[in-house]
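Biologist: Hi! Could you walk me through this one? I'd like to start with the cysteines.

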Amino acid sequence: RAGSSEFSPPSHIAGMMMGRPRSSSRVAVFATTLWVAVAFRGAPSVRVLSRQRPHRTIAAAAAIQRVPTPERTDEGGDILLEIGETHRVPTPERTDEGGDILLEIGGRTINATAYALEHPGGAAVLRKFHGKDATKAFAAARHSRRAHELLRQYEVTPPRRSPQSGRSATATPESESSGVAAVSSRWRKLATEEDRSQVHKVLGVACLLHYVYRCGRAIGGSSEATDLAAGFVGAAVPWEPFVWLAAHSALSLSSLKFHVPRERVRKRPMIWAEFRAHNIIFALRSFACCALAVLAAGFGSSVDGSATDWGSFSCVALTGGVVLASLAAADRVTARLREDSRESTTETMPYWDGASQQTQRRFKTFYALCQFLATLGCLACANPLWPFVIALPIQLASLLMTLVRKSILSTRGYHLLYTAALCVPFVVGFRSCFSDAAPLAASGVYGVTPPWLFPALLPLGILLLALRRRGVNKYALWTPVVAGRLAIEAVL
């Protein structure tokens with residue numbers, strides 16, 4: 001278009017370019033540049049950054065398109081001309097919220113930007129080392145062979161070779177060891193510097209064995225009330241159940257000593273700040289409801305329908321308060337720690353590669369149903385074992401996520417084992433349906449845990465889940481349920 005008559009330069013400008021003396025060259029340069037700006041942009045925005053001979057500057061302006069490119073001339077020097085909008089090549093820039101993350105590990109320059117959201121320690125840890133040498137921190141973490149392979153995947157520059165050994169500084173130690181040694185190295189990673197006293201691990205092992213004992217006694221024991229409650233009712237030492245509940249509570253609270261990322265790791269199920277807070281809240285809810293159920297069973301309940309025992313009624317009322325308080329605490333934690341309002345602790349949990357949408361929907365529906373049934377099991381204030389076994393998958397999930405983070409367990413393995421743990425409360429609940437009424441009545445517990453109670457909770461949980469998915473407020477759902485539980489206790 002610049003060569004057409006419509007956009008050809010005016011005759012007086014051409015005259016200045018071809019026939020006027022050199023004293024008017026500056027005027028010609030300016031006039032021609034102004035014409036180019038009008039022809040290509042329609043609105044002049046001209047800035048001359050460097051001046052050379054007139055005919056060279058005119059040639060550079062005529063050849064320019066939308067994006068100017070510096071070009072060397074025979075006489076030396078750059079001719080830079082900016083007309084209208086120009087394009088600048090963006091340079092990596094680090095910000096607190098995101099941006100490129102470049103760090104050095106063992107002489108390699110690693111661009112960890114794409115991997116940041118998958119990093120088990122969170123993106124914030126990588127951002128802290130942006131532009132720095134992270135070799136010592138990487139070695140101290142005792143990363144797996146998979147981590148060393150990722151270094152080669154995201155490296156920008158090759159590693160520097162040691163003049164003595166000819167090997168890179170990040171040679172994978174596991175690559176020279178046997179498979180048994182590699183597996184042993186993975187399990188050794190469970191011993192972290194953050195738990196030097198080993199309190200969390202000792203409590204974890206003790207509590208896991210305690211779960212096995214209680215559940216085994218309830219499932220494989222007799223139909224007597226003490227076995228159906230797994231020893232929480234009629235214990236030889238009355239304060240023994242409360243000691244164990246305190247140990248389980250301490251296990252959940254001791255997890256606060258560990259560093260977890262604030263943002264969620266999107267590719268694999270790993271612990272993050274919001275999940276840990278929810279985990280602690282609902283685990284403590286289960287243990288508090290278990291303790292109140294033990295007290296309610298101790299106060300006793302009338303089998304013949306006589307007047308309500310006010311001690312038992314008070315325990316049920318406190319249980320309702322604990323349930324509502326845990327929901328409010330979880331909402332407060334979500335408001336403070338959730339990074340993305342579109343996420344959910346269970347609905348957006350990552351799944352393994354190849355998991356179909358139908359498979360994911362089934363897992364999500366089962367997880368959501370178990371959450372409602374867990375709240376109902378705690379609110380029942382019946383068999384003390386119910387709220388206790390409800391805490392099993394809650395506390396076990398943290399262990400499973402830790403194993404995933406240490407590359408000991410796969411994403412598929414996490415979901416399968418977590419689902420198996422969620423099935424344990426169902427087994428314990430249905431076990432109580434096939435018990436003899438006489439031993440229960442003789443122990444004074446029949447009025448609190450009738451055999452039909454657990455099957456009655458299943459349709460109620462399904463109804464509450466359906467209403468919640470239709471948008472009904474959670475407090476509008478649970479407040480009437482709490483009031484109904486108190487009314488039932490008052491009538492019975």
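Modeller: Happy to. Take cysteine 289: its sulfur is 4.5 Å from the closest cysteine sulfur, in cysteine 378, and that is too far for a bond. Keep in mind that this is a predicted model.

Biologist: Okay, what would count as close enough for a disulfide?

Modeller: The two sulfur atoms have to be within 2.5 Å.

Biologist: And is cysteine 289 buried or exposed?

Modeller: Buried, with a relative accessible area of 0%.

Biologist: What about cysteine 381, which cysteine sulfur is closest to its own?

Modeller: That would be the sulfur of cysteine 315, 5.9 Å away, so again too far for a bond. Cysteine 381 counts as buried too, at 2% relative accessibility.

Biologist: How many disulfides turn up in the whole structure?

Modeller: A search of the whole structure gives zero disulfides.

Biologist: Fine, let's switch to charges. How many salt bridges are there?

Modeller: The search finds six salt bridges. One of them joins the side chains of arginine 214 and glutamate 240, at 2.9 Å from N to O.

Biologist: Where do those two sit in the chain?

Modeller: Arginine 214 is in helix α8 (residues 199–220) and glutamate 240 in helix α10 (residues 240–254). They are 26 residues apart, and the pair links distant parts of the chain.

Biologist: Is arginine 214 buried or exposed?

Modeller: Arginine 214 is buried, at 1% relative accessible area. Its partner, glutamate 240, is partly exposed at 24%.

Biologist: Got another one for me?

Modeller: Sure, glutamate 347 and arginine 469 form a salt bridge through their side chains, at 3.7 Å from N to O. Glutamate 347 lies in the loop between α12 and α13 while arginine 469 is in helix α17, so this pair ties together parts that are 122 residues apart in sequence. Glutamate 347 is partly exposed, with a relative accessible area of 32%.

Biologist: And how far apart in the chain are glutamate 489 and arginine 485?

Modeller: Four residues, about one turn of the helix, and both lie in helix α18. Their side chains meet in a salt bridge of 3.3 Å, N to O.

Biologist: Is that pair buried or exposed?

Modeller: Glutamate 489 is buried at 8% relative accessible area, and arginine 485 is buried at 14%.

Biologist: New topic: the greasy inside. How many residues are in the largest nonpolar core?

Modeller: It has 69 residues, and those with the most contacts inside it are Leu385, Trp386, Phe388, Tyr414 and Trp478.

Biologist: Which helix gives the most to that core?

Modeller: α14 does, with 13 residues. Among the helices that each supply at least two core residues are α8, α11 and α18.

Biologist: Last thing, pockets. What is the volume of the second largest pocket?

Modeller: About 1,200 Å³. There are 45 residues lining that pocket, and the closest to its centre are Phe282, Thr346, Tyr367, Gln371 and Phe372.

Biologist: Which helix supplies the largest share of the lining?

Modeller: α13, with nine residues. Others that each give at least two include α11 (273–299), α12 (310–337) and α14 (385–405).

Biologist: And what classes of residue make up that lining?

Modeller: The lining of the second largest pocket has 27 nonpolar, 10 polar and eight charged residues.

Biologist: Great, thanks!

Definitions and conventions:
Residues numbered from 1 in each chain as written. Predicted model: local features only at pLDDT ≥ 70, side-chain atom pairs only at ≥ 80, totals over all residues. Heavy atoms only, no water. 1 Å grid on protein atoms, 1.4 Å probe; cavity = no way out; pocket = protein on both sides within 12 Å on 5 of 7 lines; lining within 4 Å. Points joined across faces, edges and corners; volume = space filled by probe spheres on them. Nonpolar A, V, L, I, M, F, W, Y, C, P; charged D, E, K, R; others polar. Buried < 20%, exposed > 50% of the residue type's maximum accessible area, 1.4 Å probe, protein only. Salt bridge = Lys/Arg side-chain N within 4 Å of Asp/Glu carboxyl O. Core = buried A, V, L, I, M, F, W, Y, C linked by side-chain atoms within 4.5 Å.
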